[in-house]
Amino acid sequence: MAAAAPDPVAALVRARRASGSRPGARDDGCRLALCIEGGGMRGVVAGGMVSALEALGLVDCIDVVYGTSAGACAGAYMLAGQALQGTSIFYEDINNPTFLRIGRVLIRRPIMRVDYLIDHVMRRSRPLDTAAVLASPIPLVMMTTDVETGKAHALRDFPDGDSVLEGLRATTRLPLVAGMPVTWRDGRQLVDGALTEPIAVETAAVEGATHILVLTTRHDIGTVDGGKVRPWFARMLARHVSPAVADAYRARAAIYARLSVILASDHVPVAGAPYLTVVSPTGRWRKVSKIEKRSGKLVRGADAGWAAVMRWAGEEPSPYPDTPSRRLRKRGRPRRFRVIRRLRGLERRE
């Protein structure tokens, strides 16, 4: 890595890349955890970030991946060696009324059709190579929320490809907004982990990480908050999901306030105090809405994520193509973006 940022996490990554260190065969005594934030359609930013890590050949420097919601999807595609393909899902496959339609709330249907994402997109149109995810020496941990207790619950050690996809279904199932809870193989009812652990830095620290790299999809970690708590929505959660989930929703302000303090530091305040580095999207198009559907804006969001990681690593510019600003104001689907062709061109030049 050329001129990497002067922090302990970057130093560890540089050293591992230079030595050819491989997961499961380390001799440096360190454990590097990658924690990826989700955020609905804002997950395209996380996709751009992991695409940059993959293109730079830095994935093997990681020891474990923690993902929440769309962040878990980005992590899964990265471990499968399909990071760019996973990113394109946001601006080619799910930025449409089939997946996301606010008006469905009027007929008491989920705004986001997670089942379409998992069963159609991830299984058929852009199939996730679950065999590669399972074969990876880097474990994937998906953060969810237990419906009965209202506490964070980590999914790991997946026995087969179907379990990987079911885990992704659970971690992205924002209660009511994206459907009802998912029943896990142990009978546990699960919903989106963003309710209880939107970025799994504390879980990573407790489980032995010495260095943590956080990929946030928000442009400013100072804006990390749980949003306004709406009493009517809390009542609906208590009635249709569980009182514990409703309580978790009401407690989001405190959870996010603590997270904001942690992300502003260079250590996680738990035993061992692991080093912490946060990478956030940069540039003019760094802000992406959770319900964004404009392809041009989503591509720009991916570009902002890519640029942030490249800047942290001191490397090359993005392979995502420029899109005229006037296109960003149009709701229509623009021409197909030649992202894969551009990335292949970078690979040939290397």
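This talk covers the aromatic ring pairs and one nonpolar surface patch in this structure. A reminder before I start: the model is predicted.

Let me begin with the rings. The count comes to 3 aromatic pairs. One of them is formed by Phe158 and Trp184, with 6.2 Å from centre to centre and 85 degrees between the planes, and the pair is edge-to-face. If you look for these two along the chain, they are 26 residues apart. Phe158 lies in the loop between strand S4 (152-155) and helix H7 (161-171), while Trp184 lies in the loop between strand S5 (182-183) and strand S6 (189-192). So this pair links distant parts of the chain.

Are these two residues buried or exposed? Phe158 has a relative accessibility of 12%, so it counts as buried. Trp184 has a relative accessible area of 8% and is buried too.

Next, Phe233 and Tyr249. Their ring centres are 5.2 Å apart and their planes stand at 75 degrees, so this pair is edge-to-face. Phe233 sits in helix H9 (residues 231-240) and Tyr249 in helix H10 (residues 243-250), 16 residues apart. Both Phe233 and Tyr249 are buried. Ring pairs also bring in Trp232, giving a cluster of Trp232, Phe233 and Tyr249.

Now to the surface. Which residues make the nonpolar patch? They are Ile102, Val105, Leu106, Ile107 and Ile291, and the patch has an area of about 510 Å². Take Ile107 as an example. Ile107 is found in the loop between helix H4 (83-92) and helix H5 (114-125). Its relative accessible area is 55%, and because the cut-off for exposed is over 50%, Ile107 counts as exposed.

How values were computed
Residues numbered from 1 in each chain as written. Predicted model: local features only at pLDDT ≥ 70, side-chain atom pairs only at ≥ 80, totals over all residues. Heavy atoms only, no water. Phe/Tyr/Trp six-rings, centres within 6.5 Å; stacked < 30°, edge-to-face > 60°. Helix = DSSP H or I, 4+ residues; strand = E, 2+ residues; numbered from the N terminus. Buried < 20%, exposed > 50% of the residue type's maximum accessible area, 1.4 Å probe, protein only. Patch = residues over 30% accessible without salt bridge, like charges linked within 9 Å, V, L, I, M, F, W, Y side chains within 5 Å. Areas by Shrake-Rupley, 256 points an atom, 1.4 Å probe, with all protein chains shown as cover. Salt bridge = Lys/Arg side-chain N within 4 Å of Asp/Glu carboxyl O.
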